[in-house]
Amino acid sequence: MTGSEIREAFLKFFEKRGHQILPSASLVPHNDPSILWTAAGMVPFKPYFTGQATPETKRVTTCQKCLRTPDIEEVGKTARHHTFFEMLGNFSFGDYFKEDAIPWAWEFVTEVLKLPQDKLWITIYNNDDEAYDIWHKKVGVPEDKIVRMGKDTNYWEIGVGPCGPCSEIYIDLGPERSCGSDDCQVGCDCDRYLEIWNLVFIQFFRDEEGNYSPLESKGIDTGMGLERVASVLQNAPTNFETDLLKDIMDFTSTLVRVKYGDDNDADLALKVIADHTRAITFAIGDGALPSNEGRGYVIRRLLRRAVRFGRVLGMEDTFLYKVSNSVIEKMAYAYPELKEKQEQIVQIIRTEEERFLETLAQGTEILNQLMQDAKSAGETEITGTDAFKLYDTYGFPLELTKEIAEEQGLIVDEDGFVNALEEQRNRARNARQDTEYLSERSAMYKALKEEYGETNFVGYGQLDIETNVLAVIKDELQELSAEAGEEVEIILDVTPCYAEGGGQVADHGFLIGNQCKVDIYSVYKPVENFVVHRGKVVSGILKRQDKVKVEVDKKRRSEVARNHSATHLVHKALKEVLGDHVNQAGSLVEPDRLRFDFTHFTALTPEELRRIEDIVNDIVLANLPVDAFETTLAKAKSMGAMALFGEKYSQDVRVVKMGDYSLELCGGTHVTTTAEVGLFKVLSESSIGSGVRRIEAITGRGLLRYLESKDEQLSQISGIVKAYPQETVKKVQGLQDKIKELSQELESLRNKLAKQEAVGILDNVKEINNVKVLAATVDVKDMDGLRSMADMLRDKLGSGMVVLGADLGGKASLVAAATKDVLSKGVHAGNTIKEIAKIVGGGGGGRPDMAQAGGKDPSKLQEAIDKSYSVIEAQIK
């Protein structure tokens, strides 16, 4: 069976057993900042297992794309390690349990996949007799094929929250795959016994003290690695020889003109390139973009690692974007979003590749300087620390550093490199923290939601309402009341207040009772559809079960609505001006401004920005009606509604329609007609990452305040330059021309003075062992002036060395310049500067004939200049 056939067979098998087939969730987890990536099939369903959200159906099956990077260095070296992989799974949220999950798993592997029963082994948790009885008595697995194992391998839990025992299905691939050890058995790390399916029985809840209590609503979470199963069915020695990866490796082989199987190093490179390109292709498709932190750093690291392995295969130019095209063609059948995003994905990879090749060029320059410094100092080795810096900062592989160094007769301290690498890994391990499945705070809100039910949000249609105080919380404890001056969190049964979400900030407002007033300054949802109001009691006493009136700050809400509606218009206008590849990559909607992040590869021109402004303002002035309605996700998509890529939507969605111009899925608050936006003005457009741009803009009153501020600035400037406002530009231009003219005159005078000073300085030339040396402190404007004077004095010397120092803005600056003929006598400008710079509290260096340095202490410049004579004398052979 091919990988696609296995994937489809699994999903159809469980669909026939009442499961809803759901598409894979994004690799970027939705509303879960605790993790970088979706690393398992259950991650998208975590809120259902914790009770933070209610599933629309109790039986689900998926093929989930996953990404993990803890063992990135092992990819290609072992048979099974990957960064990107697919996880087949079936899930039950309070429906069926072990008595169905176990027989179905056995039925699928033996009757659908037709794996030989005599080769299959089962593991269970030590004391899970229930699972044992089902495997042995109901399914018929022989007793000697069922292995009881400990908590470290067969019990699933992550801190506080739901947990439970596991049962795994292994297949014996034969003694030829064994490690040869006498105690090789199920659970051994070698390739003989391969785990193909893990069944997790979620039946307990672990509290903060580590106590376990049975769950009333039990769950099933299973995971089967598609690549692993494919390797078994296709009799492939490793996952890389399955059709899921081999087709991509074959494409790369053709591209680089090497044959898989002929050379171990080339084979490793082909495997790494195939694996990493799958990972970056899917991750970028899900909205993650290369950067220097978080997910972006992972993408950048994987891409650069793949490019480095391409160099092993002789690829000096960009090539990875072509491999990405191959990945998309291979995987688009199962993941059609890849085809939709193909142009954008490939462009981002190509752009990042080009930038990395430039970085490699920088690394080469730095390595050349390191080698030159080592030779000048009489050393034969590049330090491990320097080699690691090249590797870590510039993506320079150790092998390449060694190769170039060897050409220059140098070696690399590989032990030092390994130590530096291990230190970094230790720092990363120490920084990694286990994330609790359900924190104590979240558990409290989950319990409150179970007690009081979901919050009824009515804020789309009204901005004030009578409601009941269900709970008053101070310092994470429920209280009966709160007094004036206290900060509290309040649970209401009904609210008009919008909770922060979808890029829109929360409403502000007031809670007013018979005896109290509360200033509400934050509204959020700790669990799905459960709203918490955070505020300060301004007066009186707020009590639990009080009847109160909640009022939203209407002015603030309307300003937020203007900016939110404007983001929809901007999104559409960007697509019109730049193309359909533009997609929203984030937003922030506040009362005084809006921020809109979008996918695009280059900076926008002034003409493009003007067109976008004009389009948005034309729609604003057209006074189009803005309507919001609820419908099904499928119907909304069929209508052409734009959705935020990678966002998780329920089956019922809210759609915001602006005339016939814009149609988007959105849960935010909006104006009723586009004219309410007022006017729209772009303040800035910038890059925030590879392939992602950001527009910041204002509308309504924010724009009015902006214009008032500009008008005031113009009035002030016109007053200063003594001109009417309409003549200010002409007057300022005239002043600029005059300043330029005067600056040129001043520079000419400075040059004349410098030449006169230089003539006087030449009287201070000393001769050391037949080498003329001129060292002095001088008065110059900047570093360029200091270098120019050094060049002039060197030329006037004809033969010798010049060392100059100057106080530039409270900092010491040093320059040394030598004629070519004295270099053979041992004179070295770089080494001279390096030595005397220490005196002024700085450092620097350079070539034998020219060098410069800076320091913190200009008071010691004369001491440094005087020192230069003895330093140069020690150099002369």
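**Entry 1: salt bridges**

Before I start, a reminder to myself: a salt bridge is a side-chain nitrogen of Lys or Arg within 4 Å of a carboxyl oxygen of Asp or Glu, and helices are DSSP runs of at least four residues, numbered from the N terminus. I also jot down that I'm looking at a predicted model.

I searched the whole structure and got 43 salt bridges. I picked a few to look at.

My first pick was lysine 65 with glutamate 337, where the closest N and O atoms sit 2.7 Å apart. Lysine 65 is in strand 2 (residues 59-67) and glutamate 337 is in helix 11 (residues 337-340), so this pair ties together parts 272 residues apart in sequence. Are the two partners buried or exposed? The cut-off for buried is under 20% relative accessible area. Lysine 65 has 2%, so I wrote down buried. Glutamate 337 has 17%, so I put buried there too.

Next I went to helix 16 (residues 440-452), which holds both lysine 446 and glutamate 450. They are 4 residues apart, about one turn of the helix. Their salt bridge has its closest N and O atoms at 3.1 Å. Lysine 446 comes out buried, because its relative accessible area is 17%. Glutamate 450 counts as exposed, because its value is 57%.

Then I checked arginine 794 and aspartate 791, whose side chains meet in a salt bridge of 3.2 Å, N to O. Both lie in helix 22 (residues 783-797), 3 residues apart, again about one turn. Arginine 794 is buried at 19%, while aspartate 791 is partly exposed at 26%.

Which residues does sharing of salt-bridge partners join into one network? I noted Lys65, Asp286 and Glu337.

**Entry 2: a helix and some positive phi angles**

I did a quick sum check on helix 9 (residues 294-312). It has 19 residues, so at 1.5 Å a residue it should span 27 Å. Its end C-alpha atoms are 28 Å apart, which agrees. Just after helix 9, I found glycine 314 with a positive phi of about 90°.

Asparagine 529 isn't a glycine, yet it has a positive phi of about 60°. I found it in the loop between strand 19 (516-527) and strand 20 (530-543). Its relative accessible area is 32%, so it counts as partly exposed.

Asparagine 769 isn't a glycine either, and it has a positive phi of about 50°. This one is in the loop between strand 29 (766-768) and strand 30 (771-777). At 48% it is partly exposed.

**Entry 3: a sheet and its helices**

In what order do the 4 strands of the open sheet run? I read off 22-23-28-27, with antiparallel pairing. Strand 22 (584-589) and strand 27 (680-689) are the edges, since each pairs on one side only. From one strand to the next, the twist averages 15°.

I looked inside the sheet at strand 23 (residues 594-599) and strand 28 (residues 692-699), which run antiparallel and are joined by 6 bridges. For leucine 594, the bridge partner in strand 28 is alanine 697.

Which helices pack on this sheet? Helix 17 (residues 554-578) does, touching strand 22, strand 23, strand 27 and strand 28. Its direction makes about 25° with that of strand 23. Helix 18 (residues 606-621) also packs there, touching strand 27 and strand 28, and its direction makes about 135° with that of strand 27.

Methods. Residues are numbered from 1 along each chain as its sequence is written. This is a predicted model: local features need pLDDT of at least 70, side-chain atom pairs count only at pLDDT 80 or more; totals for chains, interfaces and linings use all residues. Side-chain values use heavy atoms; hydrogens and water are left out. Helices (H or I, at least four residues) and strands (E, at least two) are DSSP runs, numbered from the N terminus. Buried means under 20% relative accessible area, exposed over 50%, partly exposed in between (1.4 Å probe, protein chains only). The expected span of a helix is 1.5 Å times one less than its number of residues. Two strands pair if DSSP finds at least two bridges between them. Axes are lines fitted to C-alpha atoms, for helices over the stretch in contact, and angles run from 0 to 180 degrees between N-to-C directions. Contact means heavy atoms within 4.5 Å.
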